[in-house]
Amino acid sequence: MNHYALTHLQQLEQESIHIMREVAAEFARPVMLYSIGKDSGVMLRLAQKAFAPARIPFKVLHVNTTWKFREMITFRDRMVKDLDLDFEEWINPEGVANNINPFDHGTQRYTHVMKTEGLKQALNKGQYDAAFGGARRDEEKSRAKERVFSFRDKFHQWDPKNQRPELWNLFNCRVAKGESIRVFPLSNWTELDVWLYIHHENLPVVPLYFAKERPIVYRNGAMIMVDDDRLPLQPGEQPEMKRVRFRTLGCYPLTGAIESGADTLPKIIEEMLRSRDSERQGRVIDYDESGSMEDKKREGYF
Amino acid sequence: MSYSRQLDEQGIDTYLQRYGNREMLRLLTCGSVDDGKSTLIGRLLYDSQMVFDDVLRATKKASEKFGTTGEEVDLALLVDGLQAEREQGITIDVAYRYFATERRKFIIADTPGHVQYTRNMATGASNCDLAVILIDARHGVLEQTRRHSFICSLLGIQHFVIAVNKMDLVGYSEARFQEIREAYSEFAARLGVRDIHFIPLSALKGENVVHRGASMPWFQGSPLLDHLETVHVASDKNFVDLRFPVQNVVRPNLDFRGFAGTLASGVLRTGDRISTLPSGKQSRVKSIVTFDGELAEAFAGMAITVTLTDEIDISRGDMIVAPNNAPPLENSVEAMLVWFSETPLQTGKQYLVKHTTATTSGVVDEVRYRINVGDLHREPAQGLQMNEVGRIRLECTRPLAADAYAKNRATGAFILIDRLTNATVGAGMIVERKTAADATQRRQAAADAGRFVRMQAKRRITPEARKARLGQEPFVLWITGLPRSGKTSLAYALEEKLFEAQRHVQVLDGELLRLGLSRDLGFSGADRWENQRRAAELARLNLGSGISTIVALVSPLEFERQQVRAIVGADRFLEVFCDAPLAVCEARDHDGLYARARAGEIQNVTGVDAPYEPPQRPELTLDTANTPAADNIDKVLQLLRSRHLLP
């Protein structure tokens, strides 16, 4: 490589920083959605880099479903403190009042209320006109066509046929009142890129990504971790200790673990490289049918 | 995944180190609906073992439902994403795919080939280094092929791979491949793309995609993936012209004031003298700040924060440049525009113009012509419809620090936004050429700055002395008209008359120019303009030496003739129009130009498949169809006498 060349990771990083700066400059009320996972962690680091030596100039928002792994919340609170974030948490109060949970109401309804509706409430309440999300285009096929700046109408709906052409790095940041843009600065990153970046930057991640003995039960072919006593055990179900880790993090009753011995970053990367299954396999919510993510996005899910 | 082999050989630590040093290549794939584009991408991913088992299982399931390949897995379904398009069996938007090999990370912008999706192709092409253009070996070069190639070249892609697909359906015929190669090369000569590479392949059978295969031993080149891994694109970047559009002003406290942005081009070092646009104020680079520490230098593509030694007022939308290398600041730019919106482009309507980090408002005050994307011909147009491409003039409220797109993609591009709907309605690429008025203005400005004076000072011989010696007032006679309308014979007859009258005169006609001075030019619109420009500049130099010039060129466009008038200087420029109907000209077709054009052997012939705009205010119009040649010669001589250019 010649002297004036960026490696692919540097190039991805610089481009993401450019995107964040555009948003900070052109939108009145941007917000960063923080899901605590590895992609969110990379976003936070990129935001630090984009605005250094200044502080991250927008709010960081976590839409909590109340069913996150406990270690995620501990990690979140630590990040908020260490990075001096302007942090806000939102939990759908109607969902709480009606005790919406994945067991009594089914995965779809629960996700809709606690995630999609919760997110919309939080965005409306904050009157945010731009929201950063950590989604990547390599995650799922319908994401492959997602723009970096994804336009949403005032009902937060995504219309795949009515997306703005996106050329060069000239992003159209104009929205009318009530409309918003979901911004995906990691669009061009792959899962491998994210891990390599975490390794390169020595970023902290939730310990759940590393293999450890954890109590699990088997449900629909997935290994579900018994994170607290709210998980109703079925008759005869007995949690057993397994050396497992998570490739992706979400609500613990909906996130499958994988058996693994990978307890360091290089080992995680090696395991992923040798693996023959893609990362979304661990997410119960995508399993329903092949177009399910597209349908969720139309409704306003990320 | 093929990673396993690499890992066994290298171990994870070596792998991590090497992977960190990979380059990135962005490429665009384009082809018509049935060219097998999705199959090709699927094949690339599948054969380079980038497909996960669960995805493959899902694809197998989908193959049974939607597939077109019978028992085999339909690789196209690996890449076709949205439900709607899967049901229609076509790709309807730009989709991005990612894969990596040991050498590079690839981002594929997969764009549809359907006629109405020019906008998607332009979108995909805007960030790409390379385009893979698919041709179905059975059908050869189609209008779609030309369309795709044109858009790719318009968006500045310098590397083309012409993937001649479905070779299995033409018996892997070398002759067929060569035939397509020749046909495409002839067309592509007009595009001005630096690097065009042809590969015969079969995506379905996996021949020459990742693996060489045994069916085409006659092909000596590399398979597609090899080429993508090795094609040299690093030198495409501009490290010469410093352009740093300011995105944000960073002010964490009273002691720090930095300007954040991405270096669009060039190299910036601490201590460098810089100038800011539009204010023109100068300073020096105090530091280049990043989260990871200060840098001594930064180069194109890097996102940095810069502090300066002086307190000067800079805000978002301003540009930091080198004092001796600044782009012109202009309210009015010429550009190629791709129109995206269902509502046609309206001249005179206000749009928002986003150029680098600056947003201003602007009006397209003229559509000079529309390009027929299929055959590259220019057509007169009032506005632009969705998916049309045209040459326009944009007048902005605030000046743009604009470079030509050909020189600088980042500072030569802009988008147009509708003020009411906020939709992105157009994408523009700035063209260097100035309008006639601008050129005159610039010349005037240069004269004011004393450049002419200095030039004259170097010259010891004054124009007056030359006139006295040569005994003449020099002029430029520009003869325009359709091919075979009698321009050249008029020019040489005039030369003879003037020579007899002791005048010094030079004739420039197309044949003479293309013999040497313009030997490097073809017959595209841009090349034909360049040929005229060179003739005009030569005529101007002749004027300086006291010699008259007679130029005989078709010069079909009014706007271009205005420009040559500006180059020469309006006071010494005489435009003569040889007016003869096309039928008359075509009847005089002694060398078969029109016949070959009609037969489709050659393109871009004025009168046949390229427009001719008659002059609006020529100094003289000659009826070269009915009037005897001698009378026409006399008319020109009379004109010269009436202007006191001939006694």
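## Backbone features in loops

In chain A, the loop between H2 and strand E2 (59-63) is home to A:Pro53. That proline is joined to A:Ala52 through a cis peptide bond, with omega at about 5 degrees. Please keep in mind as you read that this is a predicted model.

Chain B has a cis peptide bond as well, this one linking B:Leu277 and B:Pro278, with omega of about 5 degrees. Here B:Pro278 sits in the loop that runs between strand E11 (273-277) and strand E12 (282-290) of chain B. Back in chain A, A:Thr66 is not a glycine, yet its phi is positive, at about 75 degrees. You will find A:Thr66 in the loop between E2 and helix H3 (70-82) of chain A. Why pick out such spots? Most peptide bonds are trans, and most residues other than glycine have a negative phi.

## Helix H6 within chain A

Let us move on to helix packing. Two packed helices are described by the distance between their axes and the angle between them. For helix H1 (residues 8-26) of chain A and H6(A), the axes come within 11 Å and cross at roughly 95 degrees. That angle falls in the range from 65 to 115 degrees, so H1(A) is roughly perpendicular to H6(A). On the H1(A) side the contact is made by A:His8, A:Leu9, A:Leu12 and A:Glu13, which meet A:Asp193, A:Leu196, A:Tyr197 and A:Glu201 of H6(A). Sorted by class, the residues of this H1(A) and H6(A) contact are four nonpolar, one polar and three charged.

A:Glu201 also takes part in a salt bridge with A:Lys49, at 2.9 Å from N to O. Since A:Lys49 belongs to helix H2 (residues 38-51) of chain A and A:Glu201 to helix H6 of chain A, the pair ties together parts that are 152 residues apart in sequence. Over all chains, the structure holds 62 salt bridges.

## Helix H6 across the chains

H6(A) also faces a helix of the other chain. The axes of helix H6 (residues 191-201) of chain A and helix H2 (residues 12-20) of chain B cross at roughly 105 degrees and come within 11 Å. H6(A) and H2(B) are therefore roughly perpendicular to each other. Which residues in H6(A) and H2(B) meet? From H6(A) come A:Leu192, A:Asp193, A:Leu196 and A:His199, and from H2(B) come B:Tyr15, B:Leu16 and B:Tyr19. This contact of H6(A) with H2(B) has five nonpolar residues, one polar and one charged.

A:Asp193 and A:Leu196 appear in the contact with H1(A) and again in the contact with H2(B).

## The whole interface

Stepping back to the full chains, 73 residues of chain A are in contact with 87 residues of chain B. Together the two chains bury about 6,900 Å² between them, with 55% of that on carbon and sulfur atoms.

How many salt bridges cross the interface of chain B and chain A? The rule finds seven. B:Arg316 forms a salt bridge with A:Glu22, where the closest N and O atoms are 2.9 Å apart. Across the interface there are also 29 residue pairs in polar contact, both residues being at pLDDT 80 or more. On the side of chain B that touches chain A, the largest share comes from H2(B), with six residues. By class, that side of chain B divides into 44 nonpolar, 23 polar and 20 charged residues.

Key
Residues are numbered from 1 along each chain as its sequence is written. Chains are lettered from A and ligands numbered from 1 in the order in which they are written. This is a predicted model: local features need pLDDT of at least 70, side-chain atom pairs count only at pLDDT 80 or more; totals for chains, interfaces and linings use all residues. Side-chain values use heavy atoms; hydrogens and water are left out. Axes are lines fitted to C-alpha atoms, for helices over the stretch in contact, and angles run from 0 to 180 degrees between N-to-C directions. Helices (H or I, at least four residues) and strands (E, at least two) are DSSP runs, numbered from the N terminus. Angles under 35 degrees count as roughly parallel, over 145 as roughly antiparallel, 65 to 115 as roughly perpendicular and the rest as oblique. Contact means heavy atoms within 4.5 Å. Ala, Val, Leu, Ile, Met, Phe, Trp, Tyr, Cys and Pro count as nonpolar, Asp, Glu, Lys and Arg as charged, and the others, Gly among them, as polar. Buried area is the accessible area (1.4 Å probe) that two parts lose on being put together, summed over both. A salt bridge is a side-chain nitrogen of Lys or Arg within 4 Å of a carboxyl oxygen of Asp or Glu. A polar contact is a pair of N or O atoms within 3.5 Å; within protein, one must be able to donate a hydrogen and the other to accept it, and residues adjacent in sequence count only if both atoms are side-chain atoms.
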